[in-house]
Structure formats: structure tokens, C-alpha cells
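Student: I have a chain to study. Can we work through it by question and answer?

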Amino acid sequence: MLLSIEALQVCYGHVQAVRHVSLSVTEGEAVALIGANGAGKSTTLRTVAGLMVPKAGQIRWRGQPIHAMEAHRVHRLGISLVPEGRGIFPQMTVLENVLMGAYGRKDKVRVRSELHELLGVLPRLQDRLEQKAGTLSGGEQQMMVIARALMGQPRLLLLDEPSMGLAPVMVQEVFALIERVRVRGVSLLLVEQNARLALRHSQRAYVMEHGVIRQEGRSSDLAADPLLQEAYLGTSLAETAGCESLVSKT
Ligand code: ATP
């Protein structure tokens, strides 16, 4: 098992954002964490990344406990968070932002060749390397922060709302990049408001509500679950699947 979380609890002061979360990600797997606003999904990711200290529970990486580790040590293990809101350095160039992901790496020749390879599949970034990152479109920024994370050679990417605020065409491009990352063997833990998208791009998924995992299973099974469709997937999935009768239209 690459990542396992057992009975996790996380608080902000008196607010308990995560009440009971147990989940796992295996090598090469894409796992989605879906659920409504405020369910505690981002908090779960931030805690795995070492940005928050849990109140209780265990987080293990290849069997070793990591929940007491500081974020930079967690990152060094190969766990990389792509945060909601992206966390770009707007005044720095695109190239400088991407290279921030390789900070601390000594293998500079390898860094150069990986950068070259990565930019080869990201022509939008390739054409904008000297542009200030703050002037990129939302989708371009999202690709840039994923590229930045990849420069750190992660084994697990924690993706927080990668589709947030993006035009549909950019959502497609960002998820094409995510798919490419997965095919290359990097595991993914994907938090998404857009449950349909998340289920389409994952093998397994967990449904979180009020700080608790309510449901888990294969993404294809969850996508076909009528109750889940009603709660999280809106009418569009049912309509495209030709099963309008399953979905309440009221
Ligand atoms: P969203 O999709 O809206 O980001 P989420 O499922 O990711 O939702 P979290 O962001 O983890 O949920 O928030 C879970 C709960 O923790 C919410 O009730 C939220 O108000 C609370 N919370 C989040 N961040 C903080 C903070 N910095 N201080 C206090 N409470 C917070």
C-alpha cells in the first residue's frame, strides 16, 4: 500500500473538519475524493501533505507513519500537493515557477531533460516560459502548477480541485495532462467538486460528507449509483446515460 489513512480526525480550533476518514491509495492508482462543499476534502489532503497535524488517526506511507512529519519531509518522500487556488508566484516567470518544483534537487542535468520532456507535451507553457505567471489564464496556471509538482518527481500527487474556475476546454486539457501523469505511474488522490469528472478519471472513489467517508467503491459503480447521481452528479450524467427516470428533476 502506498498511502493509507486510518480513522483520521482533524480540527481547526473547535471546528472538527475531518471526523473519521479512512482511505487508501495503491501504487499507480487514481483515487477520487468527492463530496459537497465543506465536507473536509481539502483538509484531508492538506493533512496528508503535512500542512496540518491530525487530532487523531494514522497516515502511513509505504507502511511508515508520516502524520507527525513536517511538510518538507513529506514532500521529500514523494508526496506533492497541488493546492486549491494553485499557489503560484505571480511576479515570477512561468519557467521560474516550474523550476521551483525541482528546488533542492542535485541532479541538474536530469532536471533539464525532464523539463524539456515535460514542456514538449505542454506547448501552452513552452510558448509562455518568460511570461509572468500571474498573467496566465486559469487553465494555464493549473497546468503550470501540475508541471511544477512533477518536477519534484512525486510518487503521489494530491490534486485539490484542478477543474475549479476553468472553461470547459481548459478542463479537458488539464485532465488530459492528469491522465498522462497517471499513465506514467504516478498515483493520484483527486479532490473534485465536479464528481462526474472525478469518477471518470479515477479507478476508485470515496464519498465524503460532514467529515466522514459515507461511501466507497469502484468509480464506475459509484457513477452508476442512482442515489449518488441524485446527490452529487446532477442530471447531466443520467441524461448522457439515457436514464432520466433515475434522477429527480424537482
Ligand atoms: P470545499 O470543496 O468547499 O473546499 P472541502 O470538502 O474541501 O470543501 P474543507 O475546505 O476541508 O472542505 O473544509 C472543511 C471544514 O473546515 C469546513 O467547515 C470549513 O469551514 C472548515 N475550515 C476549512 N479551513 C478552515 C480554517 N482555516 N479555519 C477554520 N475552519 C476551516
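Student: Which residues of α1 are buried?
Tutor: This is a predicted model. Buried means under 20% relative accessible area. Seven of the eight residues of helix α1, residues 41-48, meet that, so the helix is largely enclosed by the rest of the structure. They are Lys41, Ser42, Thr43, Thr44, Leu45, Thr47 and Val48.

Student: Which residue just after α1 takes a positive phi?
Tutor: Helix α1 covers residues 41-48. Look just past its end. Phi there is about 85°, and the residue is Gly50.

Student: Is Ile79 buried or exposed?
Tutor: Ile79 is found in strand β6. The cut-off for buried is under 20% relative accessible area. Ile79 has 3%, so it is buried.

Student: Which residues is Ile79 in contact with, leaving aside its neighbours within four places in sequence?
Tutor: One of them is Val48, which is also among the buried residues of α1. The full set is Val48, Trp61, Ile66, Val74, Leu156 and Leu158.

Student: How far apart are the C-alpha atoms of Ile79 and Leu122?
Tutor: Along the chain, Ile79 and Leu122 are 43 residues apart. In space, their C-alpha atoms are separated by 22 Å.

Student: What is the volume of the largest pocket, and which residues are closest to its centre?
Tutor: The volume is about 660 Å³. The lining has 23 residues. Closest to the centre are His75, Ile79, Ser80, Met100 and Gly101.

Student: Which element gives the most to the lining of the largest pocket?
Tutor: Three elements each supply at least two residues: α2 (71-77), β6 (79-82) and α6 (138-150). One of these gives five residues, the most, and that is α2.

Student: How do the residues of that lining of the largest pocket divide?
Tutor: Sort them by side-chain class. The lining of the largest pocket divides into 12 nonpolar, eight polar and three charged.

Student: How much space lies in the second largest pocket, and which residues are closest to its centre?
Tutor: About 480 Å³ of space lies there. This pocket is lined by 16 residues. Closest to the centre are Glu114, Glu117, Leu118, Leu150 and Arg184.

Student: Which element gives the most to the lining of the second largest pocket?
Tutor: Two helices each supply at least two residues, α4 (108-120) and α7 (168-183). The lining divides into eight nonpolar, two polar and six charged residues. With five residues, the most comes from α4.

Student: Is Arg62 buried, partly exposed or exposed?
Tutor: Arg62 lies in the loop between β4 (56-61) and β5 (64-65). Its phi is near 50°, a positive value in a residue other than glycine. Partly exposed runs between 20% and 50%. At 43% relative accessibility, Arg62 counts as partly exposed.

Student: And His210, buried or exposed?
Tutor: His210 sits in the loop between β9 (204-209) and β10 (212-218). Its phi is also positive, near 45°. Exposed means over 50%. At 63% relative accessibility, His210 counts as exposed.

Student: What is the radius of gyration of the chain?
Tutor: The chain has 10 helices and 10 strands. The globule rule gives 18 Å for 250 residues, and the chain comes close to this, so it is as compact as a globular protein of that length. Its radius of gyration is 18 Å.

Notes:
Residues are numbered from 1 along each chain as its sequence is written. This is a predicted model: local features need pLDDT of at least 70, side-chain atom pairs count only at pLDDT 80 or more; totals for chains, interfaces and linings use all residues. Side-chain values use heavy atoms; hydrogens and water are left out. On a 1 Å grid over the protein atoms alone, a cavity is a set of points where a 1.4 Å probe fits but cannot get out, and a pocket is an open set with protein on both sides within 12 Å along at least five of seven lines; lining residues have an atom within 4 Å of a point. Grid points are joined across faces, edges and corners, and a volume is the space filled by probe spheres set on the points. Helices (H or I, at least four residues) and strands (E, at least two) are DSSP runs, numbered from the N terminus. Ala, Val, Leu, Ile, Met, Phe, Trp, Tyr, Cys and Pro count as nonpolar, Asp, Glu, Lys and Arg as charged, and the others, Gly among them, as polar. The radius of gyration is taken over C-alpha atoms; the globule rule is 2.2 Å times the number of residues to the power 0.38. Buried means under 20% relative accessible area, exposed over 50%, partly exposed in between (1.4 Å probe, protein chains only). Contact means heavy atoms within 4.5 Å.
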